[in-house]
Amino acid sequence: MSGHRAWREVAIAALALPIVITLAVLAFAWPAGRIAPRDVPVGIVGTGAASQQAVEGLTRAKPGAFDFHLYPDRQAARSAIRNRDVYGAFTISGQGITVLKATAASPSVAQLLTDVGQQLADKATRQIAAKKQAAAQKAAAQKASSRKAGAHSPAKAHQQGAAAQQATGQGATGGDPSGKILVKAVDVVPVTAADPRGSVFSSAVFPLTICGIMIGAFVTMARGLARPRHRVLTLLVACAVAALGIYLVAQGFLGALPHNHVATWAILALDLVAVSATAAGVIRLLGPAGLGLSAALMVFVGNAFSGATSAPEMLPEAAKHIGQWLPPGAGASLLRDTTYFDGNAGTGPLTVLVLWSVIGLSAVLFGHWVMRESRPARGATTGASTGATASGELLPALAQSGADAPLPRHAHAHARRHDG
């Protein structure tokens, strides 16, 4: 038995653990290596020819990257950004391009929109330069032909020069005398100055998952908490206090969560409850194996697919949907919505967190009934064999005692006489 056990442990260490580690690395590296815009909601201000050309150009250059929404004016686009309908908007005119963005929604998406606005401006500048060059060549050809004809007069030459200047578009660009289209970026909902890149926000979100699993494991395995309602009450209190400590560090010390203080603390507590209740419920139902299962689900899948460092629309399609249906992804989205956008578009993530919390707490409260019903079932299946071998259970002990104290010779002989 010890030999078989040793080989089994060697197989686990040499095969099972490397597979698990490889899958864990894949879960984190795959979304990070495939970050790209996928149906990112973006607004376009105006329905003129310039706006239509911009939409067509972006659709051809980046197919499937953006989901465009048209707005009549800049104020409507700003309202859509604050309501979390879009991540940003482009205002395109002859004076230049204005990029309306929200760094608080996603710093990576805001930088992406700024780069796209610069690309649109560069393309428009090249088109204007090409038109100017074509007009200049046409004017030069007309001037050469008129000289050959010998039909010049000072007045007519002046008229041709004015017409050539108008054709080349000098002074028509309005933003830059050289004809270059200028880009202006306006941050509608900026992040706090203490966290300009949003790194503190994401760094504060990721440990919530591990902390929640720790709370759930402790509450479930604590021997002093015998009754289920005591476990639930302890879990809720621990999550509330832990959320307060996290908020004091993230905002009081680092200044990364500057708005809606009470609501932000409540969302942190709810996120912890969703993770810890799920872990506690799974451990209650499956035993110690539930700790590994909940950790794998919440850390290796939930954290990796949460989109907290970028945005859900920047992840692969499968990762985006899976991540937003797990507490880490829903908690990160709801925390952004609550901290910077007054809770706009937070109904979906809030529903996800409440569902996980209710399911986990129900498993903690009523899981002992399930375990109690499963024990008689296992006992009934083994009862017959136990009763059948009740007298035989003593045989190994008797054999062992016989090995320690051999019977006398006459006892063996007596046994042979009466073995019939």
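Two strands are taken to pair if DSSP finds at least two bridges between them. In this predicted model, strand β1 (residues 40–45) and strand β2 (residues 66–71) meet that condition with 6 bridges, in the parallel sense. The two strands belong to an open sheet of 5 strands. The briefing covers this sheet, then three helix pairs that involve α8, and finally two loop residues with positive phi.

**The sheet**

- The strand order is β2-β1-β3-β4-β5, and the pairing within the sheet is mixed.
- The edges are formed by β2 and β5 (183–187), each of which pairs on one side only.
- Between neighbouring strands of this sheet the average turn is 25°, with direction ignored.
- Within the pairing of β1 with β2, V42 has F68 of β2 as its bridge partner.
- Strand β1 is also joined to strand β3 (residues 88–93) by 4 bridges, and these two strands run parallel.
- In that second pairing, I44 stands opposite F90 of β3.
- In a regular strand, side chains alternate between the two faces of the sheet.

**Helices associated with the sheet**

- Helix α2 (residues 49–61) joins with β1 and β2 in a β-α-β unit, which is right-handed.
- Which strands does helix α3 touch where it packs on the sheet? Helix α3 (residues 74–82) touches β1, β2, β3, β4 (96–101) and β5, and its direction makes about 25° with that of β4.

**Helix α8 with α7**

- Two packed helices are described by the angle between their axes and the distance between the axes.
- Helix α7 (residues 228–253) packs against helix α8 (residues 261–286) at about 140°, the axes being 8 Å apart.
- Angles over 145 degrees count as roughly antiparallel; α7 and α8 are therefore oblique to each other.
- The crossing of α7 past α8 is right-handed.
- On the α7 side the contact includes R231, L235, C239, L244 and Y247, and on the α8 side it includes H261, W265, L268, L272 and R284.
- By class, the residues of this contact of α7 with α8 are 16 nonpolar, 3 polar and 2 charged.

**Helix α8 with α9**

- The axes of α8 and helix α9 (residues 289–303) come within 7 Å, with a crossing angle of roughly 145°.
- This crossing of α8 and α9 is likewise described as right-handed.
- From α8 the contact draws on V275, T278, A279, V282, I283 and L286, while α9 supplies A289, G290, L291, L293, S294 and M298.
- The contact of α8 with α9 comprises 9 nonpolar and 3 polar residues, with no charged residue.

**Helix α8 with α6**

- Helix α6 (residues 199–221) and α8 have axes that come within 7 Å and cross at roughly 45°.
- Because angles under 35 degrees count as roughly parallel, α6 and α8 are oblique to each other.
- The passage of α6 across α8 is a right-handed crossing.
- Among the contact residues are L208, C211, I215 and M221 of α6, together with D271, V275, I283 and R284 of α8.
- The contact of α6 with α8 divides into 12 nonpolar, 5 polar and 2 charged residues.

**Loop residues with positive phi**

- R84, which is not a glycine, has a positive phi of about 65°; R84 lies in the loop between α3 and β3.
- D342, also not a glycine, has a positive phi of about 55°; D342 lies in the loop between α11 (327–340) and α12 (347–388).

Definitions and conventions
Residues numbered from 1 in each chain as written. Predicted model: local features only at pLDDT ≥ 70, side-chain atom pairs only at ≥ 80, totals over all residues. Heavy atoms only, no water. Right-handed = clockwise from strand over helix to strand, strands pointing away. Axes fitted to C-alpha atoms, helices over the stretch in contact; angles between N-to-C directions. Parallel < 35°, antiparallel > 145°, perpendicular 65-115°, else oblique. Left-handed = near helix turned anticlockwise from the far one by under 90°. Contact = heavy atoms within 4.5 Å. Nonpolar A, V, L, I, M, F, W, Y, C, P; charged D, E, K, R; others polar.
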